[in-house]
Structure formats: structure tokens, C-alpha cells
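Here's a quick briefing to read alongside the model. Have the sequence and the 3D view open, and follow along topic by topic.

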Amino acid sequence: MELTPIFIWWLVILIIGAVGWPLAFSLLRHLPGRGFAFARPLGFLITGYILWLGATFRLLQNNVGGILAALALVAAIGLIWHRRQVGLEQSPSILTWLKCEWRYAVAVELLFNVAFVGWVFYKAHNPNIETAGGEKWMEIAFINGILRSDYFPPQDPWLSGFGISYYYFGYVLMSAATQLTGLVSTLAFNLYIPTLFAMTLTGAFGITANLVALHRKQLSINNEQLSIQNPKSKIQNPKSAIATGLVGSLFVAVMGNLIGVFEVLHKRGLLPAEFWLWLDIRDLKIPPVGPGDSWIPDRFIWWWRGSRVLTDYYLAGGEQEVIDEFPFFSFLLGDVHPHVLALPFVLLATALALNLLVNPTRRTANDKPESANTIFDKLRKILENSWQELRQATGGRMGFVLYAICIGGLSFLNTWDFPIYLSVVGLAFIAWLAQRRVNWQLALQPGLIGIGIMGISGVILYLPFYVTFQSQARGILPNLWNPTRLPQFFVFFGPFLIAVIVLLIILTMKQSGWRKHISWTVPLTVLGPVLAMLLVLSTLLFSPAGRDYIQGHLNNPDVQAVVGANTIGALIQESLLRRIANPWTFLLLGGLLGWAMALLIGVSESSQQPADNRTVEKFVLILMLTGLALPLAVEFVYLRDNFGTRMNTVFKFYFQAWVLLALVSAFAVYYVSKNLRGVSALGWQVAMTLLVAGAMIYPVLATANKANNFQDEPTLNGIEWISRFRPGDYAAIEWLRENAADGEVVLEAPGSGYAAYQYTGRISALTGLPTLLGWGGHQSQWRGNYDEPARREPDIDLLFNSLDFEQTRALLDKYNITYVYVGPLERERYSPQGLKKFERLMTVAFQQGDVTIYQR
């Protein structure tokens, strides 16, 4: 394995971080770490935004020159803004800060580099860009399609003549780095995950380390009335901040769920068969046959089960697929999918929310109604006041624009994350407003208006994406018969649940304002989701499409056998019985959410007193509220998509709940340890140590298993396996990369119907040249329908099988086809006579082994 490509890539990522650092320093100026841990993500995101916007309006080209121009603009904005702040004495210089906080900076860089190098080593032993069990085929297709597009939206390699209809911003960022390095995409692909892994670790480190530093400053403020933004103050006790930061990195991106504990127990043959049936986790619910002689799981891809802990069932019986990935599983799997691409940037959004909340501006707000001639004048003044406060909270006009780009960009990175982290920023903004008012309730109206302005601005800044974006989403459905079983929920979130409960107990003991609120917050969070589900169900019943959807289930004889009739009343009765039989996850989450809400309101009220500033506790409670609300939501509702189940909603919500609750739990390790003494402190430390040790079983064993115990020859070439098993295809791919012009259409065998995860669409995916149809099922997911693939499938069959030369020429012209690819897959699927006609219709441009490429 050559080290030069790795060094070049590392150097480019370093430069992107250096360019983003002045901007991060100014934007996140209220944090002790001054955005140092977020320089790379911010540099990536703002550079990518300028490149994407410029290439969309044809002001820039998607090439090295356009990327360098975007980088130069980011550097100029950051340096000018920083110099202005230093000149106005609003900020120390970067060098002054580095002299004070070099330990923190060194810790961030060490963490990034160790994580990057370590995961490059892993990827070198697990490099294959394969079709089975993941989305790498699709992801490399997007990367190559973007690399071959001068302007945006980029061409879709799997549907010639169409642009990509997906949230593809993360692929723009990775392709920009690929172009700067000059590396071939199938090698650079295996450097994406190590980069995202390292940026995720440093992002989690930055948030938790800053929380600890702010908390220690907060104690000084409460005791001595010091300024939280004193530029001469250092991160107090940097060892404590750095240690907690490392815990945050561990919890967010390295730790697994508790499935590893049960895998080794199952392999060893421990615990009775009744336990495994009760736990009801697929594969594990097959009881072991007698005592085993090993603790190490060796079932085929046993590590996959870590992302399928929850088990749902169709109403008529039979298991439903439920995806419950967590960050380490995603890094282990190696798919460069949007939820992974977005990870460093959701942490950046979280840091922005924290930065907003600790903004030290304390100018008292004027909430008295102003005289107005008309209702429109009054509304205008309310909007103006909300805008002024939002602008002040985010650091002025420049700060607001950057906030909107960063928060709005989450929708383009992974659309599910946009409302989640807009909510985190929104709650932080409301809490910030509440600090300036005599009553926290007075902050609700301007807070909601302000975050509405932020959300609308985030959409407007990415409007070209929304204009071309299609989706499979078709509304919201009630989750009538699949409440999550508490044992499975604990296997997934166990360590975090314990940390959250203990943290809530400590916070409850330290303040009393929550008592008058918990009487209404807990009923709200327990009954509110039930009412939301009933509202969604009522909406379905009142719409013809909704009634047809429900009746479609009731018409199933197997369903009728379960519910006893084919009526909606019988269906609701069955749903109610299932809820009563398994209410514990919902009650736990609802209770914890109400408890946390009461504490947040109580802390907000007490912190309005100058001598009692608990900003950090408020922020941690905001993260906790959001992290608990996400899994609670999917107990009752989910987004309707092509799959028709809650699989994707659980996947997206649990993934972000993991991130948020991991950050809360890391802070809990510091906060609880600081507030407990004696036996209780020892019990806390022992319990968390055992839980974390159990959660670390999965990453340790799964990494070795997935990398085949690091026995294979290391390489970062993601398609080296094709050169061994399909050498003709490999040589043809290399020839097309070198000789085919951008945009030239190649005809190859598609994925038939809704089939995917097969060795189809391989030439278009690995070269970026568009084909008539790649994985048709994915097109259906991306575009919300199968109309265009359905039109093309018979034409593709005719192109390969027809013996009519005129018909073939007409179809070649219709789709502007330049190359026809005939390899083993095409020979297996289509008639020899039909394939032979291309010898007379076209010129042989390439031939090796069992592969021939014809050119017009």
C-alpha cells in the first residue's frame, strides 16, 4: 500500500481546515475552544456551498479552479472578519489564543490524526466497493457522476439525461477534496470514511470539552461575577476538559450498543433458551445448542445484527425489517451514505447552538406592546424585534448568514437532520431569550418567530436543491401495532439511559423550581404523543386515500384472522391491546422527557437571577429533550415511504438520538462524578465502567471480524477485487475512464425491476458515464415513482435483443448512446444474435477477454 496518496489527502484536509479556522474562530467566538475542533467541517461546508451555488448558476465550474476560488473566498471572509473583531477588541488574535490554549489545540489535532490513521489502516484491510449488503455502488456512482459534471445539478449516472434527485451535498464535498488531491475516485473513496470518522471524533470532543470548560467558568461567574467572554481567561483545568472530550468522542463514534454482550453470551451457550426467546432479537432468538467452547462470535456477518436490534412484526405475523444503526456501525460498514456524511456537520450545528446560548449579551429586551396603527404594523414590529434579537444572538448579519448556511445545509446533506438540529438551535435561542426576560414564557413568541426566520432562510439559501428534489415521502402514518419492547430498547441505548437518569436525579437535587411544572410536563409528554397518533389516524380516516390504505390492511385474510374482523374498530382495538401489553418504552421515554422539560423550565427561571447562571445545564437539558423526543416520536408516528413501515424513520431518528444522548452522557460522566461522594460515587463509576466495557465488546470484536483479522494484503483500491474476479470489466473500466468524454452515454445491463445490490450498473457507477438505467429500485426511492425506469426497461431489452437494425438505430439515437457494453453479464442475460448485431452497427473500440465495447 502506497503512503503518498494518504499523505496528499491528509494535507488537503489540513489545508481545508486551515482555511476554515479564521471563520470558525470568529463565528464560534463565545466558546472557550473558539471553534478549533470545527475548523475542518466549517471549511468544508462553506467552501462546498460556494462551489455548489456558483456551479448551479454557472458562475464557477466544478473543477480544481472553481474549488480553489471558493477556498480563497472562504479564507478572505474569515481573515477580514477576524481582523475586524480584533480591531474592535471583541476578540483576541488567533496567535494569542493559541499561546493560551495550545494544549487543547494539540489534543484536537492528535485525536484527529490518530483517528484518521487508525481508520485508514482498517479501510486498507476492508477496501472493497461491493454491491452486497450496503450502498457503496450507489455512492461511488454519485461521486463519479459529480466528478464528470461541470455544473450542478450533477448528472445521474444511473438515469441518463436526468440530474441526481437526492440530498447529494456530502458527495459534492467529498468530490471537491478528490479533485484537489488528483486521486482516482475508487481510491479516494476509502479515505472518505476515515476523514468523516476523525472529524466526528473531534467534533464530539469539541462539544463536550467546551461544555466542561464553560461549566467551570460558569462556577467562577456564579461565585465571582466574572465575564464568560474574558479573552484572557484560559480553559480552566484543561485536563478535565480534555478527558471529558475524549469520553464524548468515545460515546458518540467508537462505542457500540450492548449487542456485543449478548453475542458473546449466546456464542458461549449461556442463559436459558427462554431468555433468548424473550429477548426476541433476530438470530439470537435461536437458542444455542449446549455450552460453547468459545466467547468469540463466528456466525456469518454477525456484526450486522448490531444495526438490527429492534424487531417489528407485520400485523398478520412475520418479521419487519427495522434499521437501528449507530455511528460506529456505520463507520465499520464503510458506506459513505448521507447520514454518515452529515455527522461532522450535525456536531457543528450543535456547537453553533451552544455558542448561541452562551452569547454573553445581556441587553434587556423590551416586550411591552408598542403602539401601532394597524394589525400589520404590530406584526411588522414583532417581526423586526425577533429579527434583531436573532441577529444579535448569532453574531450579527455575517453570523446569521453563516448559521443559516450551516443549519440549512443539513437538509442538503441528510434531509432528516434539518428539523432535528433546527429544533436544537431553536430551543437554545428560546433559552437565550429567556435569560433576558423576567418570565421565560415571554421568550416563546420571539423565539418561535426567530427560529422560523432561521428555517426559512436555510431553505431559501438552498432553493436550487429543493427545486430539483423529488422524494418518496408521502405523509405521516400512525404506528398502530409496533411499540418497541423495552429490553430491545435497553440493548440499544442502555448506557445512555442510565447516564440520563442519574444526571436527572443530580440536577433535581440541585434545584427546586421544577416541582411546580412537572405536574403538567409529564402528562404532556406522556399523553401528547398518544394524541398526535390519534390525530394522524383521524386524518387518515377522513381522507379517501387514508381509508384505502387502512382498508388494504384489513382486506388481508391473515390480518382479519388476527383482529377478528375487517373493521376499523377491530383494528383499533387490537392496536390498543398491543399498547397495553407493551407500554414500557413509551412510558419511560415520556416520563423522562417530562422530567427533563420540568427541570429545563425550572433552571431557566432560576438562572434569571444574576447570581445563578446555569447555562451549561440548560444546554445539556436541551440536547436531552431532543434526544429523548426522537425515539418517543417513532413509538407513535412515522414517515410513509416506499417501504410502508417505520424502518427508515427509526433508522434516522435513532441515529441522531444516539449522537445527542451520547453527548449528554459524556457530560454526565463529568457532572455526576463532580457532585457525588463516597459510596454513591463509587457505585456510579462502577456501573458506568461496566456498561461502557460491555458496549466496547462490539467494536473490538466486530472490527477484527469485518477486517478478516487484518490478514489480507492492505490496499486502498476499492475495485482491486474486480481485477481478480472480473479482469475484463476492470480493464474496460480503466479504458473508459481514460478515453470516454464526460456525458457520453453507455448502454449496459440494468438492475431488473426493483432489484438492487447486484453486480449491475457497474460500468456507469465506476466511470461516472451515464447509462439508461442502473438500479431501478433506487430510482424509485429517489424520485418517488418508477415511471421513467418502467419506460426504459423494454427499450433496453429491445436494444440488446432486437434483430431489427432500424429499430436499434432509432433507439440508439433516442437515448444518444455512444457506447454499448457487452460483457459477461450482458451475455448471460441477452440473446447472442441480438448482441452480435452491434458488430455491424458500430465500431469495436475496446476488446479484452469476454468484454467488448462498441462505439458509434
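Is Glu-319 buried, partly exposed or exposed? It is partly exposed: Glu-319 has a relative accessible area of 27%, which puts it past the 20% limit for buried and short of the 50% limit for exposed. Keep in mind that this is a predicted model. Glu-319 comes back below with its salt-bridge partner, but first the overall picture.

**Overall build**

- The protein has 36 helices and eight strands.
- Its radius of gyration is 28 Å, and since a compact globule of 856 residues would come in near 29 Å, the two values agree.
- Along the principal axes, the C-alpha atoms fill a box of roughly 90 × 70 × 70 Å.
- Buried residues account for 60% of the 856 residues.
- Take the contacts between residues at least 6 apart in sequence: 78% of them join residues at least 24 apart.
- The protein exposes about 32200 Å², with carbon and sulfur atoms supplying 62% of that area.

**The nonpolar cores**

- The largest nonpolar core has 269 residues, and Ile-46, Phe-169, Phe-493 and Tyr-698 have the most contacts inside it.
- Helix 7 (residues 185-224) gives this core its largest share, 19 residues.
- A second, separate core holds 22 residues, including Leu-159, Leu-772, Leu-773 and Phe-838.
- Zoom in on Ile-46 and, neighbours within four places in sequence aside, you'll find it in contact with Leu-23, Val-74, Leu-402, Ile-405 and Cys-406.

**Salt bridges**

- The count comes to 28 salt bridges.
- Asp-156 and Arg-783 meet through their side chains in one of these, at 2.9 Å from N to O.
- Asp-156 sits in the loop between helix 5 (136-147) and helix 6 (169-181) while Arg-783 belongs to helix 31 (residues 776-783), so this pair ties together parts that are 627 residues apart in sequence.
- Both partners are tucked away: Asp-156 is buried at a relative accessible area of 1%, and Arg-783 counts as buried at 9%.
- Lys-285 forms a salt bridge with Glu-319, and their closest N and O atoms are 2.3 Å apart.
- That pair links distant parts of the chain, 34 residues apart: Lys-285 is in the loop between helix 10 (273-279) and strand 1 (312-313), and Glu-319 is in strand 2 (residues 319-320).
- Lys-285 is buried, with a relative accessible area of 19%, whereas Glu-319 is the partly exposed partner.
- These two also belong to a network of salt bridges that links Asp-280, Arg-282, Lys-285, Arg-308, Glu-319 and Glu-321.
- For a local pair, look at Glu-788 and Arg-791, whose closest N and O atoms are 2.8 Å apart.
- Glu-788 and Arg-791 both lie in helix 32 (residues 787-801), three residues apart, or about one turn of the helix.
- Glu-788 counts as buried, at 15% relative accessibility.

**The hairpin of strands 7 and 8**

- Strand 7 (residues 843-848) and strand 8 (residues 851-855) run antiparallel and are joined by five bridges.
- Gln-848 has Val-851 in strand 8 as its bridge partner.
- The two strands form a hairpin with two residues between them, and Gly-849 in the turn has a positive phi of about 60 degrees.

**Two threonines worth a click**

- Thr-760 lies in the loop between strand 5 (745-747) and helix 30 (762-767), and it is buried with a relative accessible area of 2%.
- Not counting residues up to four places away in sequence, Thr-760 touches Trp-137, Ala-749, Pro-750, Gly-751, Trp-775, Leu-825 and Arg-829.
- Thr-760 and Gly-774 are 14 residues apart in sequence, and their C-alpha atoms are 6.7 Å apart in space.
- Thr-703 is in helix 27 (residues 678-706) and counts as buried at 13% relative accessibility.
- Leaving aside neighbours within four places in sequence, Thr-703 is in contact with Trp-119, Tyr-122, Phe-328, Leu-332, Tyr-698 and Phe-710.
- Among those contacts, Tyr-698 is also one of the residues with the most contacts inside the largest nonpolar core.

Methods:
Residues numbered from 1 in each chain as written. Predicted model: local features only at pLDDT ≥ 70, side-chain atom pairs only at ≥ 80, totals over all residues. Heavy atoms only, no water. Core = buried A, V, L, I, M, F, W, Y, C linked by side-chain atoms within 4.5 Å. Buried < 20%, exposed > 50% of the residue type's maximum accessible area, 1.4 Å probe, protein only. Helix = DSSP H or I, 4+ residues; strand = E, 2+ residues; numbered from the N terminus. Contact = heavy atoms within 4.5 Å. Salt bridge = Lys/Arg side-chain N within 4 Å of Asp/Glu carboxyl O. Pairing = 2+ DSSP bridges. Rg over C-alpha atoms; globule rule 2.2 N^0.38 Å. Areas by Shrake-Rupley, 256 points an atom, 1.4 Å probe, with all protein chains shown as cover.
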